[in-house]
Amino acid sequence: LYTIKFEGQRKRKVMDTVLIGMKQRYQKFLDNAVPYTVPRWLFVCGLIFYFVYRIIILEGWYISCYALAIFHLNLFIAFLSPKIDPSFEMAESLEEDGPSLPTSNNEEFRPFIRRLPEFKFWEQTVISTLVAIFTTFFECFNVPVFWPILVMYFFMLFFLTMKRQIKHMIKYRYLPFTHGKTKYKDVSDSKKSVEMDAMAPTLAPEELPPLDESNLIPM
């Protein structure tokens, strides 16, 4: 019994070591892929194109396609939404000290913080698309449905969801994209440059030094 128990513990340690190594390699791959934003999303577009191509060629698995589209729509809405809903912030400020408004232009810059960061959006999109492609290799996921209804329902859901999101942006006056802190030109520096130009001495035509003809280059 002791030998069996020792063997079980040894196998468990080996499995844990293998899993930890796989997690570390996967995390290293993700860390290395962070700076390459454009290639990452081009890879996603390629995966989606391949999935749609399989759906068209096989003429089936419309349920997998519909589920993937709904999941991507939820990810996109989370990507456009702020991490903290402005309505909750306004309600809390009214309960405590009243709504806080900016009093000067020198307040701290606060960038837009997403509910779902861009890299997590990309990662979950890749995983979900790979899972959808995987389901197309099994007949059990090919549920017969009338696909035009699914397409019509998805576009209706997309229109209503985006309309609500745009209204939320307009109501609380925020944009889901941040290009950095706005930079303003220092007025004092421009005034100094104007004053220095005004103080620079100007010479009258008769005060100019005579022209040395020996230094001229013949044409």
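So, to start: what share of the contacts in the protein with a separation of 6 or more comes from residues 24 or more positions apart? The answer is 89%. Keep in mind that what we have here is a predicted model.

Okay, the overall layout. The protein has seven helices and zero strands. If you walk along the sequence, you get α-α-α-α-α-α-α. There are 219 residues, and 23% of them are buried. As for the outside, the accessible surface is about 18500 Å², and carbon and sulfur atoms account for 66% of that.

Let's pick one helix and look at it properly. Helix 6 runs over residues 147-172, which is 26 residues. How far apart should its ends be? With 1.5 Å a residue, you'd expect a span of 38 Å, and the end C-alpha atoms do lie 38 Å apart, so the two agree. Right after helix 6 comes R173, and this residue has a positive phi of about 55 degrees.

Which residues of helix 6 are buried? They are L150, F154, T161, M162, Q165, M169 and Y172. Hold on to F154, because with a relative accessible area of 18% it falls under the 20% cut-off for buried. Its neighbour in the sequence, F155, has 52% relative accessibility, so F155 counts as exposed.

Now, aromatic rings. In total there are nine aromatic pairs. One of them is F138 with F141: the ring centres are 6.5 Å apart and the planes sit at 75 degrees, so we call the pair edge-to-face. The word edge-to-face applies because that angle is over 60 degrees. How covered up are these two? F138 is partly exposed at 35% relative accessibility, and F141 is partly exposed too, at 38%.

And here F154 and F155 come back. Their ring centres are 5.7 Å apart with the planes at 70 degrees, so this pair is edge-to-face as well. Remember that F154 is the buried partner, while F155 is exposed.

There's also a cluster to find on your screen: W41, F79 and F121 form one aromatic cluster. Stay on F79 for a second. R114 lies over the face of F79, 4.0 Å from the ring centre. You can find another arginine over a ring at R54, which lies over the face of F137 at 4.1 Å from the ring centre.

To wrap up: we've got seven helices, helix 6 with its expected span, and nine aromatic pairs. Over to you for questions!

How values were computed: Residues numbered from 1 in each chain as written. Predicted model: local features only at pLDDT ≥ 70, side-chain atom pairs only at ≥ 80, totals over all residues. Heavy atoms only, no water. Phe/Tyr/Trp six-rings, centres within 6.5 Å; stacked < 30°, edge-to-face > 60°. Buried < 20%, exposed > 50% of the residue type's maximum accessible area, 1.4 Å probe, protein only. Lys NZ or Arg CZ within 6 Å of the ring centre and 35° of its normal. Helix = DSSP H or I, 4+ residues; strand = E, 2+ residues; numbered from the N terminus. Expected span 1.5 Å × (residues − 1). Contact = heavy atoms within 4.5 Å. Areas by Shrake-Rupley, 256 points an atom, 1.4 Å probe, with all protein chains shown as cover.
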